[in-house]
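Me: I would like to go through this model by question and answer, taking one residue, then one interface, then one sheet. Please keep to what can be computed from the coordinates.

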Amino acid sequence: MIGPSQTRILVEKTIKLYVGGKFIRSESGRVDRITPTRPPTDNAGADPRDIYVCRASRKDFRDAMELARKAQAGWAGRSGYNRGQILYRLAEMLEDRAEAFPVAREQVHAAVDRVVHHAGWSDKISSLLSSLNPVATAHVNYSMLRPVGVVVALPDPADGLLGMVEALSAATVMGNTVHLFVPLESGELAAALSEALATCDMPGGVVNVLTTDVTGLLEWANHHDDLDAIYLAAAAIDDDALKATQLEAARVMRRLILVDGAAQPASALTLQRLAEVKTVWMSS
Amino acid sequence: MPLQCTESDIRRWRAASVDDMSVAARVARVRKRSIKTESKVRLLRLALSMVDLTTLEGADSPERVRGLCHKALRPHPPMPELPSCAAVCVYPTMVATARAVLGADSPVKLAAVATAFPSGQLPLALKVQEVRETVAAGADEIDMVINRGAFLSGDYARVFDEIVAIKDACGPAHLKVILETGELGTLDNVAAASRLAMAAGGDFIKTSTGKIQPAATLEVALVMFEAIREHFLETGVRVGMKPAGGIRSAKLALHYLALLAETLGADWMTNEWFRFGASSLVNDLLRQLLWRDEGYYQSPRRFSVD
Amino acid sequence: MNDVSTKQDPRARELALAGALELSPSIEKHPVEIRPRYGHFIAGRWVEGRDEGVFETVNPATAKPLAQIAAADEAEVDAAVAAARKAYDEVWSKLSGLERGKYLFRIARRLQERAREFATLETTDNGKPIRETRDVDIPLVAAHFFYYAGWADKLEHAAAGRKVAPLGVAGQIIPWNFPLLMLAWKIAPALATGNTVVLKPAETTPLTAALFCDVLQEVGLPPGVVNIVNGAGETGAALVNHPGIDKIAFTGSTEVGRIIMRSIAGTKKKATMELGGKGANIVFADAALDQAVEGCVDGIFFNQGHVCCAGSRLLVEESIAEDFVARLRRRVSTLRIGDPLDKNTDVGAINSKDQHGMIDRYLDIAAQEGAKVWQGAACELPSTGYYHLPTILTGVQQTDTVVREEIFGPVLSVLTFRTPAEAIKKANDTEYGLACGVWSEKTSKLFRTAHALNCGVVWANGYNLFDPSSPFGGVRHSGFGREGGIAGLWPYMQEVAR
């Protein structure tokens with residue numbers, strides 16, 4: 001029993017990585033004590049305190065790559081209808097857990113609405129951007145969108161939760177699997193988001209949330225040749241890191257999808273860049 | 001014991017499969033062959049030697065057939081060095097008349113259509129009798145029609161047995177089997193019917209009666225050439241090919257020869273193994289030959305009408 | 001009972017295909033004018049160019065030089081970019097889409113009217129058969145301009161309703177394998193979307209691009225909208241590195257593509273890369289085999305195999321492999337190799353001595369790695385010029401160099417598979433991902449395989465088919481961005497606020 005005069009000792013949660021549908025510690029064993037960058041909000045407790053965040057390492061990323069690659073074909077193979085429902089379920093879980101996010105309620109609402117927006121694309125964008133091409137021969141010729149594959153996403157930290165959900169829903173609605181790189185300072189957001197992801201029926205490995213030194217881990221992502229694309233908000237890294245990323249991308253023709261930020265949802269043409277146009281000529 | 005086909009033969013023929021668009025593309029490519037100067041003259045002469053000069057009209061009369069035989073023997077008397085046609089092709093009732101003109105040891109063969117040409121819709125016994133009488137009257141070659149009704153209804157065995165019976169009735173005469181590809185509907189069917197006709201003993205396979213549209217086409221010819229090649233490679237037996245109907249221009253004839261050369265090779269480039277079933281083609285071949293020879297485009301009036 | 005013995009050929013069951021069709025020469029004689037020297041086309045007029053670095057373009061069929069070509073240096077590239085910028089600022093970006101389109105329509109018309117001249121010149125400079133330039137390259141060039149002409153005033157429809165703007169000045173670098181066609185693939189969508197252009201043709205095939213400038217003058221295209229600079233890699237580098245360029249479009253090797261992407265790292269330049277390939281042609285046992293043979297021939301011997309999407313790997317179902325290779329050899333025995341200007345030539349000359357040497361080096365490697373080399377044709381090779389026999393390699397495996405690297409020549413590697421899953425796995429087992437073919441008469445198998453292949457283009461029962469309305473381009477090391485179709489517009493425009 002805790003007596004009335006005693007202050008209750010808080011049970012603090014160490015923020016883990018979310019990889020392959022599981023909450024794991026970094027293989028490196030590194031856990032950073034971080035003073036979160038947290039704007040004053042009604043959700044924030046009266047008592048802002050330091051948090052403990054696992055820091056994803058090169059090997060964590062390497063392992064996550066395996067899981068994301070494994071999950072990708074299955075995720076892309078699901079119907080658009082199904083992927084849309086799962087993303088909508090994510091919106092439901094976010095809304096339900098609004099309290100868990102250490103940000104203003106409006107920010108959570110904006111994030112929920114963004115997920116709902118992109119969820120709706122899942123069974124529509126292909127109708128909008130695919131084409132039946134009127135070739136001069138009698139072939140049936142059609143172009144369709146195929147996922148680009150496995151994506152690393154670095155949203156603008158200033159966009160907070162909205163930036164994270166914009167990136168992950170844009171990537172996944174196109175059939176990709178995605179590693180979300182989140183600065184350690186945003187660990188609480190990452191944790192709350194991961195918990196929503198873990199409960200929304202999304203298969204493990206489709207979205208991996210890696211709290212880390214994003215610029216540092218990006219360097220390792222640049223060195224992983226099985227990575228198909230990097231989604232980058234302009235403000236997520238500095239010019240040198242961007243140039244380094246471009247130089248490494250050149251080696252394997254990795255796609256870079258540079259976006260301004262998350263204020264507006266990705267347009268259809270931006271979403272298209274998270275996909276490959278594939279054309280089939282069928283003899284008739 | 002007559003030759004018989006098994007269920008597995010039938011399954012194999014039915015499985016014959018052709019991609020129409022690719023066939024069309026291949027043919028389009030052959031149509032672009034540019035056959036000029038010496039090679040043109042050589043192939044025009046070859047084509048002339050491959051013609052089965054044909055008349056198959058209800059109004060055919062002895063005099064008409066005599067005229068045809070003369071033309072086949074000497075297509076253009078001012079140029080006696082030109083080859084004669086391969087054969088004349090007439091109805092059975094005209095065989096005796098044609099034989100009288102051609103003589104016993106003619107360089108021009110005497111072919112007759114038989115088996116209730118062009119429909120083939122008579123009892124087999126009557127068709128066999130018709131063939132026997134036609135050969136007895138002096139025909140060197142019999143052009144029979146297959147039973148398309150039986151083929152399209154799936155009764156391949158019946159089609160096969162009829163060809164075997166007719167082949168038997170032919171005795172020494174060569175048998176050309178007309179598939180009437182214009183009634184078969186698909187190139188797959190053309191391939192299957194070709195295999196069947198060759199297996200049943202046909203010496204030649206022939207596209208058409210000339211009474212049905214479409215008659216011969218390069219697409220159909222390619223599929224039949226390929227079937228002949230398969231048969232040859234599997235059995236070692238060479239079978240001839242005769243496209244018939246609609247081949248009126250020398251240019252088209254040369255494209256048939258180009259397709260033939262590129263599919264079956266030099267051994268088929270002779271009238272022993274390839275024929276054109278045609279009539280007006282001869283005059284166009286002559287026009288082209290004389291243009292090459294004299295440097296003037298010829299008026300059609302220069303040549304005898306047939 | 002039929003007696004078949006009398007009809008049996010005493011010889012082996014072989015077809016006498018090679019030489020069966022002897023054809024007299026039928027040479028395309030359309031007059032073409034080749035000037036002794038070409039400089040650069042900048043701001044609507046020809047400039048002489050410097051004497052330093054002048055090089056020759058050679059007729060690969062005779063190994064004789066055709067003309068002298070000046071190489072643009074940084075200053076000349078700068079002048080071309082400045083002309084393009086000026087034309088963009090003052091004329092082209094102010095023109096309505098409809099008016100831009102009308103210029104493109106005019107270009108298409110003139111190309112159609114001068115088609116034979118372009119075909120003859122292309123064949124002379126490149127070495128590819130006149131049959132191809134006449135029936136494939138040049139008709140597709142005109143069609144491409146016609147196609148994109150009609151898009152110029154409908155761009156918002158292509159952008160899912162968003163307002164769009166051009167990028168600015170596009171620097172375009174094209175290869176020697178389809179010189180004018182690649183020019184069309186680059187210039188038509190760039191102009192339709194409102195960009196202006198500085199284009200560098202390949203140094204071994206600059207002549208049709210030069211003749212194209214005649215057409216631009218005939219149709220009165222405003223000066224500077226299209227500029228052509230000649231030269232080799234250094235000129236290309238100057239173009240890529242020019243700060244006034246907003247967009248790079250490149251077709252060529254993956255190796256050069258990497259260099260370009262590295263060069264523009266750290267800049268705002270956008271890029272389209274259409275790079276190498278190692279296309280697989282998958283032939284299932286239930287395919288229409290003779291037509292599949294035709295597809296394999298079109299896949300690897302079209303344009304001497306100088307095709308980035310060439311079907312250089314034949315993946316044939318093991319149960320029919322022997323029969324299929326025999327069919328393939330028979331067909332190859334009828335191919336006519338020789339004077340590219342002869343209308344009956346099926347396979348022309350390799351574009352350059354260097355490329356010819358490269359192909360032979362790969363064949364040496366193949367032999368060292370245990371491949372069996374078979375070569376065939378309907379005729380002897382001409383004694384002069386850079387000719388190469390169509391080649392089929394058997395006894396090769398996934399690990400072999402010739403199976404993994406792009407040879408860019410008339411060399412087909414034959415591999416086998418047992419199940420559809422294995423076929424897909426092997427086809428996808430490459431860093432490239434440009435194009436594949438699949439052959440079957442079973443429709444469900446065609447669709448399933450076509451959709452499982454990891455590449456940008458799949459031909460089902462066909463190969464090497466092109467159309468302006470059909471997007472073309474690759475995945476992974478084969479590059480990114482599409483050329484052709486609606487998707488071909490996207491890399492040349494950006495969304496802007498309304």
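Me: In which helix of chain A is the place of Arg114(A)?

Reply: This is a predicted model, in which local features need pLDDT of at least 70 and side-chain atom pairs count only at pLDDT 80 or more, while totals for chains, interfaces and linings use all residues. Residues are numbered from 1 along each chain as its sequence is written, chains are lettered from A and ligands numbered from 1 in the order in which they are written, and side-chain values use heavy atoms, with hydrogens and water left out. Helices (DSSP runs of H or I, at least four residues) and strands (runs of E, at least two) are numbered from the N terminus. On that numbering, residues 105–119 of chain A, where Arg114(A) lies, form helix α3.

Me: Is Arg114(A) buried or exposed, and which residue offers a backbone oxygen to its side chain?

Reply: Buried means under 20% relative accessible area, exposed over 50%, and partly exposed in between (1.4 Å probe, protein chains only). Arg114(A) has a relative accessible area of 7%, so it is buried. Contact means heavy atoms within 4.5 Å, and beyond four places in sequence the contacts of Arg114(A) include Leu162(A), Glu166(A) and Pro265(A). The backbone oxygen that its side chain reaches, at 2.8 Å, belongs to Ala262(A).

Me: How many salt bridges does the rule find across the interface of chain C and chain B?

Reply: The contact draws on 39 residues of chain C and 44 residues of chain B, and about 3700 Å² is buried between the two chains, 47% of it on carbon and sulfur atoms; buried area here is the accessible area (1.4 Å probe) that two parts lose on being put together, summed over both. A salt bridge is a side-chain nitrogen of Lys or Arg within 4 Å of a carboxyl oxygen of Asp or Glu. One example joins Asp135(C) to Lys32(B) at 3.6 Å, N to O. For the interface of chain C and chain B, the number of salt bridges is 7.

Me: Which strands of the open sheet in chain C stand at the edges?

Reply: Two strands pair if DSSP finds at least two bridges between them, and three strands of chain C form an open sheet with mixed pairing, in the order β1-β5-β4. β1(C) pairs with β5(C) (residues 64–69) in the parallel sense over 2 bridges, and Tyr38(C) has Ile69(C) as its bridge partner in β5(C). Each edge strand has a single partner, so one side of each is left without a neighbour in the sheet, and these strands are β1 (37–38) and β4 (55–59) of chain C.

Methods: Polar contact = N/O pair within 3.5 Å; in protein donor to acceptor, adjacent residues only side chain to side chain.
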